Amino acid sequence: MGIKRTLRSYSAPNVDRLFEGASLDQYAALCYRKTKVGTIEVLLVTSRESRRWIIPKGWPMDGKAPHEVAEQEAFEEAGVKGKAKRKPLGYFSYLKTMDNNREGLCIVQVHALKVEEMVDKFREKGQRTAEWVSTSEAALRVCEPELKGLFRLLEQRFNGKASRRTSADRSIPAL
């Protein structure tokens, strides 16, 4: 019960329960940095309860735009400072077990955040493990299929493949 499941793994008999209520919105930061050899690494953190690998994410905050929430969550959960892109990189979904033991569908809007600084003192220090990894390693560690795809998308954009887009996908901005 403590393991969150993706939509893909949710069995057909439970679909009616899944869509009983509205989905819950969250905002996340896909934190990245350039390495000395010119590749990129992304930052994964563990969740506090199940210790699964995730990216920093959280609930909407009054007075903050989604990309600002992503920046705040990255700082609180990993001590990361940087600027998140205003336009989302993409979305992923997962099932969250709520306090009342019911599951709710969470739709997470993900914003790419270029890390400019890491600090030693932050809100959740000692409550999570953080690790810089390649986008391929990150895709292996996380459970959510859509999030795995966002790591690959970030890698493609970073390597300039997004600059050679066709007119059909010009609506997707390059990093």
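Q: Where does Gly160 sit, and what phi does Gly160 take?
A: This is a predicted model. In it, Gly160 comes just after helix 4 and has a positive phi of about 85 degrees.

Q: How do I check the span of helix 4, and what do its end C-alpha atoms show?
A: You work out an expected span from the number of residues, then set it beside the distance in the model. Helix 4 covers residues 145-158, which is 14 residues, so at 1.5 Å a residue it should span 20 Å; the end C-alpha atoms are 20 Å apart, which agrees.

Q: Which residues of helix 4 are buried?
A: Look for residues under 20% relative accessible area. In helix 4 those are Leu147, Leu150, Phe151, Leu154 and Arg157. They sit on the same side of helix 4, because they cover an arc of only 130 degrees around the axis.

Q: What covers the buried residues of helix 4?
A: The cover includes helix 3 (135-141), along with strand 1, strand 2 (40-46), strand 6 (90-97) and strand 7 (103-118).

Q: Is Ala22 buried or exposed?
A: Over 50% relative accessible area means exposed. Ala22 has 70% relative accessibility, so Ala22 counts as exposed. You'll find Ala22 in the loop that runs between helix 1 (15-18) and strand 1 (24-34). The C-alpha atom of Ala22 is 8.3 Å from that of Gly104, though the two residues are 82 apart along the chain.

Q: How many disulfides does the structure hold?
A: For a disulfide, two cysteine sulfur atoms must be within 2.5 Å. Here there are 0 disulfides. As for the cysteines themselves, Cys106 is buried at 0% relative accessible area, whereas Cys143 is partly exposed at 37%.

Conventions. Residues numbered from 1 in each chain as written. Predicted model: local features only at pLDDT ≥ 70, side-chain atom pairs only at ≥ 80, totals over all residues. Heavy atoms only, no water. Helix = DSSP H or I, 4+ residues; strand = E, 2+ residues; numbered from the N terminus. Buried < 20%, exposed > 50% of the residue type's maximum accessible area, 1.4 Å probe, protein only. Expected span 1.5 Å × (residues − 1). Arc of directions from axis to C-beta. Contact = heavy atoms within 4.5 Å.
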